[in-house]
Amino acid sequence: MPESAVAVFEKDNFNAEKYVKELVQDCVGGPELQQTKGKIQSHSDLVSSTLKKHVYENYMQFIETAKEISHLESEMYQLSHILIEQRNLLSTLRDESMLDDQKYIIEDQSIDPNDNEEQQNKKAIQLIKESLIGYKGNLDDKVFIYEGGLIELDSNDYRPICRIHLFLFNEILVLAKVKHDKKLEFLTEYDTKKIAVINIKDLDGVNKNAINVFTSDGARIFQCVNSASKLEWIDKFEVAIKFNQLKHKKGPAPQPPALKFEHQQKSVDSQMLSPTASDVVPIVEKLAPDWLASAPEEIQAEIAQRHFEDCLALVQKCEEYLEKDSGFRGAAEIRKKIKGLKSTLSSVLMQELSNSQSRSLQAALRSSRRPLKLLVEMGKAREACGILLRVCSSAIRTSQRQARRNNLAVSELFFCDVAQVASEFLRAFSSKASCTSALIVWCNMELQYFASQLIKHYLTKDTQLEMVAKVVEGVREPCSKLTDIGLDLSYHMEGLLRNTLEQLLEEAKFRLVDSIGRTEDVWQPYNLQTKANLRSVLKEFDALGLDMKPLVTGDTWINLTQTSVNFCRHFLTTTESCAYLARYDSLTLDAEMLLKELFLAQHAVKPHPSMSVDLNFISKNKVYMGEVLLPIAIARFEKISDKKPELLLELQVQLRAPPKPKPRSVYKTDVL
């Protein structure tokens with residue numbers, strides 16, 4: 001060819017007919033045409049292989065895209081969480097700006113610095129009483145220590161709840177809500193002997209400058225305006241707690257702490273903590289370790305960042321420590337928070353497991369390994385296995401619908417998916433033998449649903465027997481392979497299909513037997529007209545296990561009727577279908593009965609009395625059916641089904657027996 005064939009094919013104006021005409025004109029003789037044809041065929045094969053390669057590459061890229069989408073889903077979840085954090089941060093900044101504008105109730109100008117400490121304390125208490133709306137308690141015998149505005153946060157997600165103003169005395173802590181008109185409405189009060197304060201670790205975007213106050217009503221989280229204010233509050237709470245402890249000791253009575261505007265005097269805190277003070281005694285009450293106090297906040301942060309393994313490790317560490325030592329202040333509250341966070345972690349993992357429901361089975365199983373492992377460690381195996389099996393059911397049924405639309409092998413796909421689920425399930429719950437029953441129940445339910453869909457779409461009424469056998473064999477083989485992983489579902493599958501298959505066999509028997517004799521036979525040898533047709537028929541019967549060469553006469557004749565030849569083909573094909581169905585023990589008798597009645601119906605066909613036919617030729621057709629066709633059918637049935645067809649063997653014996661003599665009449669003589 002003058003130029004590359006590939007280049008010719010790639011032209012936009014390529015015309016196939018014109019190209020072929022040019023080839024014919026350029027080639028001389030058949031050999032050159034064959035050579036050119038071979039080159040074109042090689043190009044065709046190359047293009048086909050290239051196309052397959054591109055299709056495979058596109059398929060792999062599709063899989064990679066699906067993986068990226070699943071990762072993108074996780075990133076979108078994290079992005080959503082970050083946006084929520086930003087919203088909370090903006091709300092916090094807004095409230096902090098409001099706190100900056102908030103004024104103290106007790107200011108430098110409201111109390112004369114020349115007064116003694118007792119007079120200053122009385123004036124401070126009087127100002128507090130006047131500013132509090134709805135307070136009916138007694139503050140006269142209390143010692144004022146500190147005051148300030150804070151923001152109360154939600155203990156679960158650190159969202160701002162409301163603005164709070166705190167008044168700290170030596171014996172009580174008074175909480176007041178800041179109203180819109182900046183007036184203070186009394187909320188509640190707590191005994192300082194029964195409270196504890198824990199510093200919360202700052203986490204960007206989650207919380208900042210917060211303290212956790214354990215009260216008799218539970219833990220309450222407050223956010224300070226800045227880090228300096230946070231440290232000041234922690235110090236003042238320590239002063240109030242130590243003030244109560246020192247008050248009951250022997251020695252001189254403790255001095256009330258100086259008010260915040262008196263810079264010249266020493267603070268009560270420095271007086272009580274001075275190493276030269278004779279009345280200082282060690283603190284008896286034990287506090288929680290810093291890592292344990294901040295553990296709930298760290299656990300929440302780990303959950304938000306989806307660091308589930310680190311989160312579970314910290315939860316387990318806290319539980320182990322609380323089991324060994326819980327004799328410190330706030331232990332019950334910390335235990336309660338850890339328990340709640342553990343429940344939250346479990347819920348998040350369950351949701352993570354459920355989120356894989358919209359994915360393919362392989363992707364769902366792959367993404368479920370991480371949450372499954374953690375849930376099993378947390379003792380949530382029963383709940384986790386239920387969610388996993390529901391996800392797998394959804395994935396399998398989706399893949400089955402797609403396979404039916406694409407005309408794929410649904411049976412092989414289904415049992416392959418079941419095997420994958422069982423293997424992954426047994427791997428994930430190998431240490432939880434009690435979960436195995438859930439897998440067995442799930443397998444039975446999925447098998448029932450699969451059988452109903454199989455009957456609905458492939459085993460409907462009037463389905464050809466050959467197709468029925470193909471469907472059943474497509475189910476039996478992959479189902480039997482499940483025994484390799486310890487699942488034997490064959491008997492259950494047979495029971496689900498038995499009634500439908502029995503009905504189909506009965507309908508096929510009626511239909512096939514009824515069709516016998518409907519075509520009129522001329523009772524003459526079968527002429528195939530051409531040698532090619534004869535070779536094709538002989539080759540077809542060789543594939544069925546029947547050698548018809550001894551019956552060939554002349555160039556194109558078979559020494560049987562056309563009806564007999566067609567019946568031999570049809571009977572052997574039906575025998576194969578029945579043999580596959582007979583592999584199910586419950587269908588063996590029905591399959592044999594169909595073959596027996598079909599054979600007897602054809603064997604009993606006789607020519608019309610008005611026809612002039614050769615009786616020896618008729619007898620030859622019947623003898624061939626009984627002595628050649630039937631034994632081959634019996635052998636083929638036994639080979640495929642691995643069972644002896646008892647009814648067909650009995651029929652064979654009956655046909656071989658000599659014919660019974662006709663009954664003699666007493667009114668006739670043999671002479672006549």
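The structure holds 12 aromatic pairs, and one of them offers a convenient way into this predicted model. Y146 and W233 form an edge-to-face pair, with 4.8 Å from centre to centre and 80° between the planes. Because Y146 belongs to strand β2 while W233 belongs to helix α5 (residues 227-247), the pair ties together parts that are 87 residues apart in sequence. Both partners are out of reach of the surface in the sense used here, since Y146 is buried and W233 is buried as well. The arrangement also extends beyond two rings, for ring pairs link Y146, W233 and F237 into a cluster.

A second aromatic pair, formed by Y321 and F328, can be set beside this one. The rings of Y321 and F328 are tilted, with 6.4 Å from centre to centre and 45° between the planes. The two residues fall into separate accessibility classes: Y321 has 24% relative accessibility and therefore counts as partly exposed, whereas F328 has a relative accessible area of 7% and is therefore buried.

From the rings one may turn to the charged side chains, for which the count comes to 17 salt bridges. One of these leads back to strand β2, where the side chain of E152 meets that of R220 in a salt bridge of 2.9 Å, taken from N to O. Since E152 lies in strand β2 (residues 144-153) and R220 in strand β8, the pair ties together parts that are 68 residues apart in sequence. Both E152 and R220 are buried. Strand β2 thus carries one partner of this salt bridge, E152, and also one partner of the edge-to-face ring pair, Y146.

The strand that holds R220 leads on to its neighbour in the sheet pairing. Strand β8 (residues 218-223) is joined to β7 by 6 bridges, and the two strands run antiparallel. Together, β7 and β8 form a hairpin with 2 residues between them, and T215 stands opposite G218 in β8. Strand β7 has a further partner, because 4 bridges join it to strand β6 (residues 196-199), again in an antiparallel arrangement. In that pairing, A196 stands opposite F214 in β7. Strand β7 (residues 210-215) is mostly covered, with 6 of its 6 residues buried. This cover applies to both faces of β7, with A210, N212 and F214 buried on one side and I211, V213 and T215 buried on the other.

Other salt bridges are found among the helices and loops. E309 forms a salt bridge with R370, in which the closest N and O atoms are 2.9 Å apart. This pair links distant parts of the chain, with E309 in helix α9 (residues 308-324) and R370 in helix α11 (residues 361-377), 61 residues apart. E309, at 39% relative accessibility, counts as partly exposed, and R370, with a relative accessible area of 34%, is partly exposed too.

K643 forms a salt bridge with D585, and here the closest N and O atoms are 2.3 Å apart. This pair likewise links distant parts of the chain, 58 residues apart, with K643 in the loop between α20 (615-641) and α21 (646-656) and D585 in the loop between α18 (562-581) and α19 (588-603). D585 has 57% relative accessibility and therefore counts as exposed. In addition to such pairs, salt bridges that share partners join R369, E424 and R427 into one network.

The surface also has a nonpolar feature. L72, M76, L79, I82 and L83 form a nonpolar patch there, with about 470 Å² of accessible area together. One of these residues, L72, is found in helix α3 (residues 29-101), and at 44% relative accessibility L72 counts as partly exposed.

These local features can finally be placed within the protein as a whole. The secondary structure comes to 21 helices and 11 strands, and buried residues make up 40% of the 672 residues in the protein. The protein exposes about 38,700 Å², of which carbon and sulfur atoms supply 52%. Among the contacts with a separation of 6 or more, residues 24 or more positions apart account for 66%.

Technical notes
Residues are numbered from 1 along each chain as its sequence is written. This is a predicted model: local features need pLDDT of at least 70, side-chain atom pairs count only at pLDDT 80 or more; totals for chains, interfaces and linings use all residues. Side-chain values use heavy atoms; hydrogens and water are left out. Patches are made of residues with over 30% relative accessible area and no salt bridge: like charges are joined within 9 Å, nonpolar side chains (Val, Leu, Ile, Met, Phe, Trp, Tyr) within 5 Å. Accessible areas come from the Shrake-Rupley method with a 1.4 Å probe; for residues, only the protein chains shown count as cover. A salt bridge is a side-chain nitrogen of Lys or Arg within 4 Å of a carboxyl oxygen of Asp or Glu. Buried means under 20% relative accessible area, exposed over 50%, partly exposed in between (1.4 Å probe, protein chains only). Contact means heavy atoms within 4.5 Å. Rings of Phe, Tyr and Trp (its six-membered ring) pair if their centres lie within 6.5 Å; planes under 30 degrees apart count as stacked, over 60 as edge-to-face and the rest as tilted.
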